[in-house]
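Visitor: Please give me a close look at a single part of this model, namely the space enclosed inside it.

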Amino acid sequence: MAENDITRQKHLNIKEIIAYSLGLFGFQAIVGLLFTYQAEFSGSILGANVIIVAILILIAKIVSAAADPVVGNMIDRSKSKLGKFKSMIVYSLAPLLVATIIIFVKVPFKGAGLYVWIFIVSLIWSIAMTMGDVPSQGIAAALTPNPTERTNVVSISNTAKQIGFSACAVIVPIVCLIVPEGSKVIGFEGDQDAPMNATEFLFVGILTAILGCVLFALIPLVNKERVTNASSETVGFKEMFMALKSNKPFMLVIISYFLGFGRQMAMGIQVQAATIILGSQNLVVVLGIVTAIGSMISMAICPFLIKKLNEKKAYILLSVYGFAASIFSFAIGHFWFQNPKNMALTVLFYASLFLIGLQFGAVTLMPMIMTADCVDAYEYETGKRMEGACYSILTLTIKVCLALGMAVGLVFVGASGYYDALSAQNFANCNKDVIFFAYTALPGILALLSIIPMLKYDIVGEKKATISKALAERRTAE
């Protein structure tokens, strides 16, 4: 096959693109639910200190880190006829379904026993999540040998992924309306603004787990793995980590992601932000939708930015923009809190939340594209294709950054006086600026810091084209 046929031909049909996108939507709906509501469930239903819960979840993520390279190594060694990525996704479905539901079961434990329970179930869920996360991200590099087509499918699927991550903001209010006696809590005059009860949390967990896993199963059912390593050599753990250590562009991507972990903070405290800023827990859907629309537009324009600039410049541009938009939103919010009836400030406030969302292509989409390019670059230099290894490290980074963002965000929420106000059911004295700083300004500042490693990233332009061409010719010869 000619080189142009490999690098320019379309390999994916619309059915596969839809299946992959819906699969990521379903998986991220589960992840988003846990990230947004696990701490709130633990605090309001189980009676735990949510700051301790956030720390336990972070520790569970770090402890479960051992599962990421294990899963990545299993993928790289797999000889399954179904496909090395697809087979692992199939294995993940049952554990993910069960673990997600268990998280939202009201248990009678108190004191130390409660925190042990929360840690154990968080650890089990994190391992189950890894079993699905690593292959679902890694398969993006194997769906097509066409780098342009790969960028497009990653853009489309990650738009669905972002929507899925925010889906709980829509699912939760619907369940609260359907479940009988669901919102009647002593001390609240109206049902609409009452916190969720145990039954609602459980119904949300069951519904999201089933829907998410059914959609996630579409990936192995429909998609094909077209890019494989022709070499039969297996990779040991020592060799895998040495290879990652020598893959400098990939390490720059990982370091950049860690520095920008603040982008994950807003989702982790979205429920608390909605309660304090907008006056109702159920209005989390407003924050979710406004920001999600901006995120979808951001990911939709990313391929055009990449084409006009390149991955590196597009990432830097979106990160600088994210910093400016976040600081602007924080400033507008500060004045709006003092005069919420001012219509001009109200419009500017919600517009600023939308503008913040326009940066999220940098953190949601770019690392996926860059990691796939780094996999190609490593294969070009060594002859070994290690999607499993690279994507296990990427997914580990994402998980830790999500947990770290939640933990840091909840520290700010605690410092604002939120929990004292929650117990007294009076939020008038809660410092909204502190919560909104964690929701907007701090993520923007950290986004700006994440640019530093990207200044040395070089898998772009002619170098990327040369790698794609050489790999196409090598695969044709093989």
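Guide: Helix H15 (residues 284-308) gives the most to the lining of the largest cavity, with four residues; helices here are DSSP runs of H or I with at least four residues, numbered from the N terminus. The model is predicted, so that local features need pLDDT of at least 70 and side-chain atom pairs 80 or more, while totals for chains, interfaces and linings use all residues. Residues are numbered from 1 along each chain as its sequence is written, and side-chain values use heavy atoms, without hydrogens and water.

The largest cavity holds about 490 Å³ of space, a cavity being a set of points on a 1 Å grid over the protein atoms alone where a 1.4 Å probe fits but cannot get out, and a volume being the space filled by probe spheres set on those points, joined across faces, edges and corners. Its lining, meaning residues with an atom within 4 Å of a point, comprises 33 residues, of which Gln162, Phe165, Gln264, Phe360 and Thr364 are the closest to the centre. By class, that lining divides into 17 nonpolar, 13 polar and three charged residues, where Ala, Val, Leu, Ile, Met, Phe, Trp, Tyr, Cys and Pro count as nonpolar, Asp, Glu, Lys and Arg as charged, and the others, Gly among them, as polar.

In total the structure holds six cavities of 30 Å³ or more, and the second largest has a volume of about 130 Å³. Leu34, Phe35, Ile57, Lys61 and Trp125 are the closest to its centre among the 14 residues that line it. Two or more lining residues come from each of helix H2 (14-44), helix H3 (50-63), helix H6 (111-138) and helix H20 (387-415). The lining of this second largest cavity has nine nonpolar, three polar and two charged residues.

Two of these helices, H2 and H3, also meet each other. The axes of H2 and H3, lines fitted to C-alpha atoms over the stretch in contact, come within 9 Å and cross at roughly 135°, on a scale that runs from 0 to 180 degrees between N-to-C directions. H2 and H3 are therefore oblique to each other, a term for angles that are not under 35, over 145 or from 65 to 115 degrees. In the contact (heavy atoms within 4.5 Å), Gln38, Ala39, Ser42 and Gly43 of H2 meet Val50, Val53 and Ile57 of H3. The residues of this contact comprise four nonpolar, three polar and no charged. Ile57 thus belongs to the contact with H2 and is also one of the residues closest to the centre of the second largest cavity.

Key: 1 Å grid on protein atoms, 1.4 Å probe; cavity = no way out; pocket = protein on both sides within 12 Å on 5 of 7 lines; lining within 4 Å.
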